[in-house]
Amino acid sequence: MSAAPILQVTRLAKHFQGLRAVDEVSFEVRAGELVGLIGPNGAGKTTLFNCIAGALAPTAGEIVYRGRTITGADPAKVARMGIARTYQNLRIFPDVTVYDNVSTGAIGRFGVSLAGAIFPWLGRRRDEAIAGATLGALERFGLLDIADEPAGNLPYGQKKLLEIARALALDPKLLLLDEPAAGLNSNETVALARLIRALRDQGLTVLLVEHDMPMVMRVCDRIVVLESGCKIADADPASVRDDPAVRAAYLGDEG
Amino acid sequence: MTYAVVAIGFTLIYRVLTAVNFAHGEVYTIGAFTILIGATTLNLPLWSIVPLVVLAGALTGYGIELAGFRLFRRFTDEASLKSRAVREATLLSSLALGIVIREILDLIYKGDWQSLPETYQLSTSLDLGGIYISSGEAVIAVVSIVMLIALQLLLHRTSIGLAIRAVSSNMIGAQFSGININRVVIAVFVIGSVLGAVAGMVVSLAYGAIQSYMGLTVVIKAFVAMVIGGLTSLPGAAIAAVMIGVAESVAGIFLPSAWTEMVAYMLLIVFLIFLPNGLFGRRR
């Protein structure tokens with residue numbers, strides 16, 4: 001656990017006209033860690049996520065990723081720097097095939113050029129790299145068989161996997177997952193937990209927002225708890241489970 | 001056929017940005033004027049003017065995007081990218097840009113019809129097994145079909161095409177896949193405007209007459225074709241545009257020529273009443 005921090009969030013605040021959605025939250029994620037971010041509805045988890053991914057500019061505070069300040073950077077740039085994310089509400093491209101959906105992640109990583117499209121010899125190496133990254137991600141998620149289906153036709157669980165596959169085609173160093181288990185049945189959740197764990201074991205750093213408490217407790221190395229925009233706990237799963245403040249605020253009768 | 005090429009560029013931009021580019025007709029006009037300037041002022045041979053037209057179209061498209069659209073995409077959250085305010089603002093800004101370009105050309109050329117030197121006009125008569133068409137009209141047909149096919153290949157076989165489809169499908173999702181939206185939007189404007197400029201070029205080669213207002217009626221027809229075709233469907237817009245063109249020429253046989261202008265709008269009304277989603281529109 002002595003690895004260098006890959007992400008440092010310092011006194012981050014995001015206010016929406018007087019509502020303190022995120023209020024001076026500081027935490028860090030070390031390379032190779034799988035960190036859970038939990039809290040009751042409205043605690044500011046997704047807002048915090050959006051600030052890290054560049055979708056929202058924070059009101060105050062700083063976000064440092066691998067030694068570089070990325071506070072308020074544009075989301076596409078953040079993605080290319082190696083922070084990929086998935087969404088609570090899916091953001092796949094429904095009328096595009098599974099293959100092409102994943103391919104967009106790889107395109108984001110390798111870039112596109114109009115010249116390369118008009119003069120194929122200019123873009124060939126890049127196209128090969130994109131195809132390689134796409135096939136790799138599809139294979140890992142068992143989506144190869146359905147690569148030519150339009151993504152909109154997939155069952156919900158596979159759409160979720162597809163979104164993670166697309167994020168991985170970016171070859172991220174840090175993966176932000178926003179409620180990946182929401183809407184999945186228990187079998188799918190177990191499979192997803194195993195998959196996330198496997199990603200972490202391969203060295204990927206993961207920050208996971210999730211409501212499914214047993215899953216978070218099972219897979220995470222460390223858990224950060226937010227309540228009403230403030231951090232109220234930051235510890236390993238067992239300590240978080242026993243923390244009286246957390247029980248009062250969140251786990252309540254569940255614990 | 002030319003309506004089809006103009007309509008396709010117009011629809012491509014609409015599909016990606018959900019914004020109407022009313023300056024698109026001026027791209028068509030600029031394509032025509034590039035030919036005129038190249039032929040009369042610079043005395044260039046035709047083959048060397050063609051790349052100039054493509055370049056002029058690309059630059060105009062880029063300029064329209066910078067001046068008329070980029071400014072209104074400051075905010076990156078979903079609500080503002082899709083908001084009515086942005087759509088209405090870009091509608092007006094593109095309309096304004098179109099007026100500016102049109103009036104500048106008007107000022108220089110005094111609004112008169114300019115004619116292309118005879119040697120540049122494609123007006124030889126071709127005999128296609130009993131049907132006579134001018135070589136210019138044949139060129140219009142061939143160039144249109146080639147460009148429509150080329151665009152489909154670009155959209156469905158290349159990585160930038162995929163990026164364009166991704167941005168048009170879900171802009172936020174594309175952004176988080178690391179796609180540089182501004183670059184994709186520029187590409188869309190460049191592609192759409194090259195189509196428009198080339199259309200203006202082949203029409204002026206075929207008919208030899210160029211005027212600063214020529215783009216205006218064409219862009220309105222393109223708009224009508226887009227609506228009839230189903231707003232976001234490129235093949236739909238192309239088919240609708242051909243339909244309008246055919247209907248206009250058929251109507252020209254029966255009606256006085258001043259009335260043929262009405263045909264497109266009558267078609268539009270019929271479609272809005274009976275098929276409000278257009279030919280290939282998705283239900284919404």
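## Contacts along chain A

Start with who touches whom in chain A of this predicted model. Take the contacts between residues at least 6 apart in sequence: 67% of them join residues at least 24 apart.

## Overall build of chain A

What is chain A made of? It has 10 helices and 10 strands. Its radius of gyration is 19 Å, close to the 18 Å that the globule rule gives for 255 residues, so chain A is as compact as a globular protein of that length.

If you follow the C-alpha trace along its principal axes, chain A spans about 60 × 40 × 40 Å. Of the 255 residues in this chain, 46% are buried.

## How far to trust chain A

The average pLDDT of chain A is 85, and 91% of the residues score at least 70. Where is confidence lowest, and where is it highest? The low spot is helix H4 (residues 114-118) of chain A, with a mean of 63, while strand S8 (residues 205-209) of chain A comes out on top at 93. A handy rule when you look around: where pLDDT is low, don't read the predicted coordinates in detail.

## A helix in chain B

Now hop over to helix H9 of chain B, which covers residues 181-207. With 27 residues, H9(B) reaches 39 Å from its first C-alpha to its last, close to the 39 Å expected at 1.5 Å a residue.

Is H9(B) largely enclosed or left open? Count the buried residues: 22 of the 27 in H9(B) qualify, so this helix is largely enclosed by the rest of the structure. Right after H9(B) comes B:Gly208, which has a positive phi, near 75°.

Technical notes: Residues are numbered from 1 along each chain as its sequence is written. Chains are lettered from A and ligands numbered from 1 in the order in which they are written. This is a predicted model: local features need pLDDT of at least 70, side-chain atom pairs count only at pLDDT 80 or more; totals for chains, interfaces and linings use all residues. pLDDT is the predictor's confidence in each residue, from 0 to 100. Helices (H or I, at least four residues) and strands (E, at least two) are DSSP runs, numbered from the N terminus. The radius of gyration is taken over C-alpha atoms; the globule rule is 2.2 Å times the number of residues to the power 0.38. A residue is buried if 20 or more other C-beta atoms lie within 10 Å of its own, exposed if 12 or fewer, and partly exposed in between; C-beta atoms are placed from the backbone. Two residues are in contact if their C-beta atoms, placed from the backbone, lie within 7 Å. The expected span of a helix is 1.5 Å times one less than its number of residues.
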